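Biologist: I have the model open and want to go through the inside of the protein. Can we start with the cavities?
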Amino acid sequence: MTRASAGSVEASVLLEPGCNLACPVCDCRLAPAARSKSDGLPRELGRGGGVLELRGEASAQKDLARAVTRAREGGWSTLRVRTNGIAFATPERAAALRRLGVDGVVFFLASDKPAIHDAIARVRGAHAAGLRGLSTLAAEGLDVTLEIPVLDPSLQDLRATLALALRSAPRARSLRLYSPAALRPVDGKAPRELAPPRWDRVRPALLATVALAREAGLAMALSERDGIPLCALAEDESSIPEAIFADRGSRPIPRRETSSLGPACATCSAASVCPGTTRRYLDTHGDRGLVPFARAPRGLRRAGARWDEERKSAAQRAFFVVLRPTVHCNQDCWFCSANETSQNVEADPGRMMRRIARLARTGAQQVSFSGGEPTLSRHLVDYVEVARRSGIERVELVSNAVLLDRPEKVEALVRAGLTHLFVSLHAHDEALSRLETRKVGDHARTVRALHLFARHEHVRIDVNHVVSAHNYRSLVRFVEWLHDEFGTRIGVSFAWVTPQYRALEHVGRLVPRYTEAMPFLKRAIARAVELGIDVVVGSRQGVPPCQLDELLPWSDVLSAVSGALAEDKPQKQKDPACERCRLDLVCTGVWKPYAALHGTAELRPLPGDKISPEEATRQAERVRFEIEGGYPAALRFGDGRIPRSAEIPLPDRSNHLRLPVLPPDDDRIVRDGRTTDRSVSLGRTIRVALVGSGPRAMALARAVTRSPGLSLAAVASPHAPDKDLPEIGPDIARIRDLDALPADVEALVIASSTATHAEVARQALARGMVCLVEKPLASSLPEAEALAAEGGDRLIVAHQLRAAGGVAEIVGEMGDRAGAHRPVEIAITHRAAPSSSASLHAWARGPLYELLLHLGDLALFFAGGTLAVRRAEAWGGGRPERIAIKARGEGPLAPSVSIDLVLDAPTDGLVVEVRLEGGRRIGWTREPGRDEVRIADAFGERTRSAPSGGDLERLVAAFHASITSAATPPATAAEGARAVRFAGEILRALEASGAPFDRATEPKRVASFALRDRFG
């Protein structure tokens, strides 16, 4: 796919090589476009947009009718086909082309001289027959685009060639001039027609042709695929035709592989926006004929002014304002930062319009309508129109675009004057999108809206992609999908999860460490650069520039300095080392919740002289307004080389296959409530498939590959083939669903989203497999109980704490739980520092439910049966500080249970105390640097270290033992269902006690019914 910078053609697709001519100056014999496996047609046809060119001689395309139909169904508004005109000399053939649904033709003419044209076409009479066909096609009402290669003057009078074509098609719409030297020769041969003329020799003919095109009203602009440098169209910078700069401004232009700048171009003031000349030209002529411009051409200066005193003054007056018609939203993203304290919320349409008018009078140059979701406002179109009519230059809409998936909605906003669109899109497919937004079907609607907006070239479109623990492994796939879907039409802005408001409910699971996710982000940035996609990384949105290393130039830290210092500084934190960084005065560091969670040691000072905020603004504006190559000095890193995406290393986790299951001094596991020698139950090796590819799934993958009794055969999830997963080896299959499971797989480890647990488990049971299911067993109690009844002992629940060494010691000391060994009191205390990921940072049901599953299952395990909640209390206003639960088992001899969550403790820790019938006490304490068991009885109190080794590895080893021997599973499905019931009862008891889960003024958000009760 190629995209013309003129804004007229969005995509050119070569259907099939083949033509009734054999012109070497045409691209119709090159490789065709990539095709879909479903219908055998080019994939681009189904992606929609404005103008699509179907290249290859139209009369030679056997699939032309199907291609036109598919393109119309795919949403393309205008279709053009390429032709030399010979086959359409009769009105019947031209009418038949029109009936197919074609809007226009791209007509090829090589020369005004019939003999030359025929010689190039390798067919006698092609010139006359082609012009007759052009006349017939124009008479049929088809729009005509003329396509003329720029050849040596001995072969062509360029102006006369255009004039000849206009006589046959006087109402032609547009003209494309191109250098055939930009084409790759077929079979490696380069015929004389591809030999490029010197630009100084054809410049007069080019200027005369451009003048005739302007006189005839033809649209024309240079494209990166044309191979014509700017200096070919002017003798100096003052005479270049302004029409050439349509919709260009000072934006850099991507160069094709066949084009380049010459050595003399290094001093040219227009180098950064010039498409360059062809490499074949440089090989033939060197620098001769190229004219470096001392000053930016007049058209460029008008489109993108220099940094002079007038522009400085304008930049000082300009400011950016965010207005919110609402804080409510039609999605329910985990990381949403909109809340009842958001500023500039104005629901009343009259007051909003008056506010817009006041902003315009005070000199605002940009207004951004955000939310919540601003498309929920019925008056959004009116707001956009008022802003534009009031003189505001840039009007932006920040939206998920779900409600803009209909043409009339888009057209209304475009007519009102929308100039910029910033769309939230956090996934490349529906499955991952559901995980982020909790909405079913919204991904397709957002993509449909983007295609509708992409037809309007004057609307700048970027997608906002929030990097979270869910999607950071898929960033490269997202960039490649974006390019496949939209080419270079849409840019991407990467932001980190802002650990505030809604994200605090899941901060420990949502916010990845920079060292963990940054290699994936840097690969994605580099890939975007390779594909020509505009990309920026938000420093204000949580990515400190020092984390980008060689990709530092793509940080927006210089252009965002004003807002960062004014608004973000009080909410962010820096490391002491930042004082030595050259960006110290313009970078505000990391969000304080991130610093509390992960610390600031990842921040690294960039060497060099410190840059002031004023200098940062000057450097940013110079890049924005001037025509020059390179990056600001403040953003240069190392030797300035930008690595290829494949050169950026991912975390090296290849050594996990060599790690032991447990340390050499500990070969024990829990079996039937007792500590048993592990070697008894090693048994044979079991081939296992892992379902899921998220962080928890990868933790389980590492545990499985460390176990000599288990062999990981496959990872199955909708995203597995797309993600970078350094935890698994290259020999492990990556599949999207269970239908592709290797035949020798005997067991599944299910670590996909909770909503899918039941469905996946039932498929596995139907295949006769044993399953280890990540907690909770299912997304609802009825589903969990039904699954437990169906699965029996073939379903095992991954309650990891049961496999802890301290738990094994307590169970061993309790013995058979009869008589003096019967537990009377069980006390479990969970301590967490306010900044810890083990704490609760907001009153939210989901994170609390997960914590209660852990602790509640442990209480049920020690109690040996069911528990009923007797009392639940909560303390804390803005965030939980302490939660206390009292419960008791059934029957007069059942133990009493207390579960305390102390969430403002100095350090993290877990303490379990069990008092037995005869007064004997057994305890286990796990704290940073301490993991020990205490026993107090008639002989005194003694302590010993709890068995070492990872809980997850022990759990996996016990899973293997339960398959290969008669060992009792670590947690049965029935026990998993009981844990779901108990955690739900505690939540309801806390709600009844007045725990402040709900705020009356909290923004309303909408999750799909099937996803609304999911916890994380």
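Biologist: How do the residues lining the second largest cavity divide into nonpolar, polar and charged?
Modeller: The lining has 14 nonpolar residues, three polar and no charged. Keep in mind that this is a predicted model.

Biologist: Which residues lie nearest the centre of that cavity?
Modeller: Pro 229, Cys 231, Cys 265, Cys 268 and Cys 274, out of 17 lining residues. The space in the second largest cavity is about 110 Å³.

Biologist: And how many cavities of 30 Å³ or more are there?
Modeller: The count is 10.

Biologist: Back to those cysteines. Why is Cys 268 not bonded to Cys 265?
Modeller: The closest cysteine sulfur to that of Cys 268 is in Cys 265, but the two are 6.3 Å apart, which is too far for a bond. A disulfide needs the sulfur atoms within 2.5 Å. Cys 268 is also buried, at 16% relative accessible area.

Biologist: What about Cys 336, which cysteine sulfur is nearest?
Modeller: That of Cys 329, 6.1 Å away, and Cys 336 is in no disulfide. Cys 336 has 18% relative accessibility, so it counts as buried, the cut-off being under 20%.

Biologist: How many disulfides in the whole structure?
Modeller: Zero.

Biologist: Changing topic. What does the protein look like overall?
Modeller: There are 27 helices and 33 strands. The protein has 1016 residues, and 56% of them count as buried. Take the contacts between residues at least 6 apart in sequence: 73% of these join residues at least 24 apart.

Biologist: Which residues have the most contacts inside the largest nonpolar core?
Modeller: Phe 369, Phe 494 and Trp 496, in a core of 97 residues. The element that gives the most to this core is helix α17, residues 514-531, with 10 residues. There is also a second, separate core of 79 residues, with Val 811, Phe 861, Val 914 and Ala 977 among them.

Biologist: Is there a general reason to expect cores like that, or what is the usual pattern?
Modeller: In soluble globular proteins, nonpolar side chains tend to be buried together.

Biologist: What does Phe 494 touch, sequence neighbours aside?
Modeller: Leaving out neighbours within four places, its contacts include Leu 521, Ala 524 and Ile 525. Val 535, Val 536, Val 537 and Gly 538 are also in contact with Phe 494. So that the list is complete: His 465, Val 467, Leu 475 and Val 479 are the others.

Biologist: Where does Val 479 sit?
Modeller: In helix α15, residues 475-486. Val 479 counts as buried, at 1% relative accessibility.

Biologist: And which residues does Val 479 contact, apart from its neighbours within four places?
Modeller: Phe 494, Ala 524, Arg 527, Ala 528, Leu 531 and Ile 533. Val 479 and Leu 531 are 52 residues apart along the chain, with 8.7 Å between their C-alpha atoms.

Biologist: On to the backbone. Which residues does a cis peptide bond join in the loop between β10 and α11?
Modeller: Gly 371 and Gly 372, with omega about 5°. Gly 372 is in the loop that runs between β10 (366-369) and α11 (380-389). Another cis bond joins Lys 775 and Pro 776, where omega is about -10°.

Biologist: Lys 775: buried or exposed?
Modeller: Buried, at 12% relative accessibility. Lys 775 lies in the loop between β24 and α23.

Biologist: What is around Lys 775?
Modeller: Without its neighbours within four places, Lys 775 is in contact with Arg 696, His 757, Val 797, Ala 798, His 799 and His 854. Gln 800, 25 residues away in sequence, has its C-alpha 9.0 Å from that of Lys 775.

Biologist: What sign does phi usually have outside glycine?
Modeller: Most residues other than glycine have a negative phi, and most peptide bonds are trans. Here, Arg 438 has a positive phi of about 55°. Asp 549 also has a positive phi, near 50°.

Biologist: Where are Arg 438 and Asp 549?
Modeller: Arg 438 is in the loop between α13 (430-437) and α14 (442-454). Asp 549 is in the loop between β15 (535-537) and α18 (561-568). Arg 438 counts as buried at 8% relative accessibility, and Asp 549 counts as buried at 16%.

Definitions and conventions:
Residues are numbered from 1 along each chain as its sequence is written. This is a predicted model: local features need pLDDT of at least 70, side-chain atom pairs count only at pLDDT 80 or more; totals for chains, interfaces and linings use all residues. Side-chain values use heavy atoms; hydrogens and water are left out. On a 1 Å grid over the protein atoms alone, a cavity is a set of points where a 1.4 Å probe fits but cannot get out, and a pocket is an open set with protein on both sides within 12 Å along at least five of seven lines; lining residues have an atom within 4 Å of a point. Grid points are joined across faces, edges and corners, and a volume is the space filled by probe spheres set on the points. Ala, Val, Leu, Ile, Met, Phe, Trp, Tyr, Cys and Pro count as nonpolar, Asp, Glu, Lys and Arg as charged, and the others, Gly among them, as polar. A nonpolar core is a set of buried Ala, Val, Leu, Ile, Met, Phe, Trp, Tyr and Cys residues joined through side-chain atoms within 4.5 Å. Buried means under 20% relative accessible area, exposed over 50%, partly exposed in between (1.4 Å probe, protein chains only). Helices (H or I, at least four residues) and strands (E, at least two) are DSSP runs, numbered from the N terminus. Contact means heavy atoms within 4.5 Å.
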